[in-house]
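Please open the model in a viewer and keep the sequence panel visible. The tour proceeds by selections, each followed by a note on what is found there.

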Amino acid sequence: MRKSKRNLFLAGLLVLLLAFPAGAMAIELGPLDVGGAIRANYLIGDYEDEDPSAPSSAEDDGGNFVLDTFRINLDYEQDQWVGKAEYRFYDGYHFLHTGWMGYNFDEKSQLQVGVNRVPFGPGPYGVSQSWLFDQHYYVGLSDDMDLGAKYITSFGKLKMDFAYYVMDEGNYFGSTEDSSRYSYDVVNESGDGYEEEHQFNIRAVYPVEMGAVKTDLGGSLQYGMLDSNGPQDDGSHWAGSIHAVNKFNNWNLTAQLTYYDYDVEKPDGSTADLVQFGAYDFPTLVAAEAWIPAVSLSYYLETPQIDFLDYMIPYVEYSSIIKDESDFNDSEMWVLGAAWARGGWYIYTDLAYSNGNDFVGGEPFNDSYNNRFGDNPNDEWQYRFNINFGYYF
């Protein structure tokens, strides 16, 4: 009864939200725009129904509606000065997503100072267009927010990003020691672990045209230090990536190949093969050294003949964490889905299939499943079907 009441309430809430005007605008206060978003998920998949009196996402339970996030956005622009801020609320925890001020030196050069997106990979979300991202995101190598300064500029056609980060984005409000944050970082859950500091990034992207195919070829490098809070020595990490975004008419084929290495120790001074990461108020272990191939194919479909739809983007994506440690199982993920847009609405429908992702199958807060980016002992293929309803204003 409790499950059905909750699902009925949330389904009713979604119907109410769908009745919102399609093109609601942000509030303008002089040079400041105030906006935001509210999102909810329906998910079903290979999950356990451990408590029949509580909602679950198990296949036998018919899936579940859950609140994804509520967020507030601030956008500032006056003369050459610009700024962005975003704060997100989830069920049981909340944190700063973005918070920076910047200056436009000219049309092609901008400086950002504060919590901003680390320049690494082909775009802000790696190769991915799905709600679940690709595996780069879960090891802190796409859509990663840190505290520091980023300079964006161009030399002719060559686009460059240079960045220095004092530290990660920080830990905010939740139940874990250091994992209440948006993007995946090395976190100090034990009190004697590592913390990120002094990170340098450089990214270069050069456009080329081959007939009707337009390609953005790029490379990204990252190097940073890890401050030890225990008996082990300080560590370091680096990552390198090559990437290409290919566009042909409405087709988009994006590919990326990345290698990363974390030089960390256990408290006894021996080399560690696993690194403590965390995000979304949930710590998880990640392999210290790995390759990540990722590819995404999508199509932008205009829908002028459909009144209730502006456009849709079907896509298929694949990514894998191929670990250097031979005893570890790799972590692969496929996503087949589509994004649907109308006015302020943006809806993802995703079918994900993975043998190593914390958000696909299992019980998210079960200890046996918080090592799927690490040695991944279960190595079990599981699925998740997810609909994310997002209203942006």
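Select G114 and then G148: the latter, in β7, is the bridge partner of G114. This is a predicted model, in which local features need pLDDT of at least 70 and side-chain atom pairs count only at pLDDT 80 or more, while totals for chains, interfaces and linings use all residues. Residues are numbered from 1 along each chain as its sequence is written, and side-chain values use heavy atoms, with hydrogens and water left out.

Extend the selection to β6 and to strand β7 (residues 145–155), which pair in the antiparallel sense over 8 bridges. Strands are DSSP runs of E with at least two residues, numbered from the N terminus; two of them pair if DSSP finds at least two bridges between them.

Next, add strand β5 (residues 93–106), which runs antiparallel to β6 (residues 109–117) and is joined to that strand by 7 bridges. β5 and β6 form a hairpin, with 2 residues between them. At this hairpin, select D106, which stands opposite S109 in β6.

Now move to Y42, in strand β2 (residues 32–45). Y42 counts as buried because its relative accessibility is 18%, the limit being under 20% relative accessible area with a 1.4 Å probe and protein chains only. Beyond its neighbours within four places in sequence, Y42 is in contact (heavy atoms within 4.5 Å) with G62, G63, N64, F65, F385, N386 and I387. Display the side chain of Y42 and the backbone oxygen of G62: the side chain reaches this oxygen at 2.9 Å.

Finally, select D307, 265 residues from Y42 along the chain; the C-alpha atoms of these two residues are separated by 25 Å.

Conventions:
Helices (H or I, at least four residues) and strands (E, at least two) are DSSP runs, numbered from the N terminus. Buried means under 20% relative accessible area, exposed over 50%, partly exposed in between (1.4 Å probe, protein chains only). A polar contact is a pair of N or O atoms within 3.5 Å; within protein, one must be able to donate a hydrogen and the other to accept it, and residues adjacent in sequence count only if both atoms are side-chain atoms.
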